[in-house]
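Trainee: Please pick a single part of this model and go over it closely, including what lies around it. I would like the numbers kept with the residues they belong to.

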Amino acid sequence: MALSLYVDTARWRAHQKSVLDQFPGLVPVCKGNGYGFGHERLADEAIRFGSDTLAVGTTYEAARIKDWFSGDLLVLTPFRRGEEPVPLPDRVIRSVSSVDGVHALVGARVVIECMSSMKRHGVKEEELGQLHAAIEDVRLEGFALHLPLDRTDGSDAVEEVITWMDRLRAARLPLHTMFVSHLRSEELARLRQQFPQTRFRARIGTRLWLGDHEATEYRGAVLDVTRVVKGDRFGYRQQKAASDGWLVVVAGGTSHGVGLEAPKALHGVMPRAKGVARAGLATVNRNLSPFVWAGKQRWFAEPPHMQVSILFVPSDAQEPKVGDELVAHLRHTTTQFDRLVDR
């Protein structure tokens, strides 16, 4: 009895191919929990479709994945002086976001991150002149731009990249390769047409692995079902049942990521109103679970436990049975499954 991730493998891989066709030479990203699939599985997929490079989040991830992927490993978190040294093979490429970082990585393979409108990290325009001496002591694999997802000011992502290409060219820095994130395929085509001597490589994770929502599904197995009547006490806190129904124990708790929802950016009046309503219900211990039964998302009977959740199913719904599986609407990047099932 488990929280399972079911994968329609043929459909999932067909989506991967469609993304690969749109973004030739892309660098697949495998970071965090492997977008819900795990590092080993995504490394296998990258090998299957012939990628020469796999991007990971940290040096610790690179150390784990190096035994599963034999190509180059691009670490996305920028190098910082004083960081804990992690033994890594020469095929690991470090991202660097400062001139000082480049100076500290003598002999290393590096990608230099430029400061984009994300304003997260990167070398600034006024620092480009200092890079000439610094890059003489490293093996420069290219430059990189991590761009924002939304452009509420109406700015153009392509124009931002072009601006940086012009800055790098004016500083007489090599433009053989530019790594980019969060560009559409048509935007990438525009850049390739304008800069035919530069190889543009899109770093893609979410769109590649999670772009087809119908290709994957989480399900939690029902472990126990107990009939309750209004007023019965239950659970750790001995709350009273608000009405007749069933307490349903389902696989999937906090250790799986159930109930640990990441914050979301809300846009528009209706999503904000729903957010306020959910917050109000939470203050009276009414929290909607991610589990669906009989066509409806069901309420937690109490906060999820470490490995299971207890749901309340009212008596006007069909009674769940032990062994049934409930579809769960979970965020891949915060979920850890018990088993993965290819279908």
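**A pocket and its surroundings**

Mentor: A search of the whole structure, which is a predicted model, finds 0 disulfides. A disulfide is a covalent bond between the sulfur atoms of two cysteines. Two of the cysteines can still be placed by their accessibility. Cys-30 has 0% relative accessibility, so it counts as buried, the limit being under 20%. Cys-114 is likewise buried, because its relative accessible area is 1%.

As a frame for the close look, the protein has 9 helices and 18 strands. Its C-alpha atoms fill a box of roughly 75 × 45 × 40 Å along the principal axes. Of its 343 residues, 47% are buried. UniProt, in an unreviewed entry, lists residues 15-168 as "domain: Alanine racemase N-terminal". That span is 31% helix and 18% strand, and its end C-alpha atoms are 35 Å apart.

The part I would pick is the second largest pocket, with a volume of about 670 Å³. Its lining consists of 25 residues, and those nearest the centre are Lys-31, Tyr-35, His-146, Ser-181 and His-182. Sorted by class, the lining has 12 nonpolar, 8 polar and 5 charged residues. Among the elements that supply at least two lining residues each are strand 9 (199-204) and helix 8 (206-210). Strand 9 gives the largest share, 3 residues.

Both of these elements lead on to aromatic pairs, of which the structure holds 4. Start with helix 8. Trp-12 and Trp-209 pair with their centres 6.1 Å apart and their planes at 45 degrees. That angle is neither under 30 nor over 60 degrees, so the pair counts as tilted. Trp-209 belongs to helix 8 and Trp-12 to helix 1 (residues 9-22), so this pair ties together parts that are 197 residues apart in sequence. Both Trp-12 and Trp-209 are buried. A second tilted pair joins Phe-195 and Phe-200, at 6.3 Å centre to centre and 55 degrees between the planes. Position 200 falls in the 199-204 range of strand 9. Phe-200 is buried, as its relative accessible area is 2%, and Phe-195 is buried at 6%. Beyond single pairs, ring pairs link Trp-12, Phe-37, Phe-49 and Trp-209 into a cluster. Helix 8 therefore takes part in two things: it supplies residues to the pocket lining, and it holds Trp-209, whose partner lies in helix 1.

Now follow His-146 away from the pocket centre. The structure holds 1 cavity of 30 Å³ or more, and the largest cavity encloses about 50 Å³. His-146 is one of the residues lining that cavity and is also among those nearest the centre of the second largest pocket. The rest of the cavity lining is Glu-113, Cys-114, Met-115, Ser-116, Met-118, Lys-119, Arg-120 and His-121. By class, the cavity lining has 3 nonpolar, 3 polar and 3 charged residues. The buried Cys-114 is thus a lining residue of the largest cavity.

Lys-119, another residue of that lining, deserves a separate check. It sits in the loop between strand 6 (109-113) and helix 5 (131-135). Its phi is positive, about 55 degrees, although it is not a glycine. Its relative accessibility is 65%, so Lys-119 counts as exposed, the limit being over 50%. Lys-119 therefore lines the largest cavity while counting as exposed at 65%. For reference elsewhere in the chain, Ala-294 also has a positive phi of about 55 degrees without being a glycine. Its loop runs between strand 14 (288-293) and strand 15 (296-300). Ala-294 is partly exposed because its relative accessible area of 49% falls between 20% and 50%.

One last loop is Asp-67, placed between helix 3 (59-65) and strand 4 (72-75). Asp-67 counts as exposed at 60% relative accessibility. Its C-alpha atom is 9.3 Å from that of Glu-40, which is 27 residues away along the chain.

Key: Residues numbered from 1 in each chain as written. Predicted model: local features only at pLDDT ≥ 70, side-chain atom pairs only at ≥ 80, totals over all residues. Heavy atoms only, no water. Disulfide = S-S within 2.5 Å. Buried < 20%, exposed > 50% of the residue type's maximum accessible area, 1.4 Å probe, protein only. 1 Å grid on protein atoms, 1.4 Å probe; cavity = no way out; pocket = protein on both sides within 12 Å on 5 of 7 lines; lining within 4 Å. Points joined across faces, edges and corners; volume = space filled by probe spheres on them. Helix = DSSP H or I, 4+ residues; strand = E, 2+ residues; numbered from the N terminus. Nonpolar A, V, L, I, M, F, W, Y, C, P; charged D, E, K, R; others polar. UniProt positions renumbered as here; feature names shortened; annotations may be inferred. Phe/Tyr/Trp six-rings, centres within 6.5 Å; stacked < 30°, edge-to-face > 60°.
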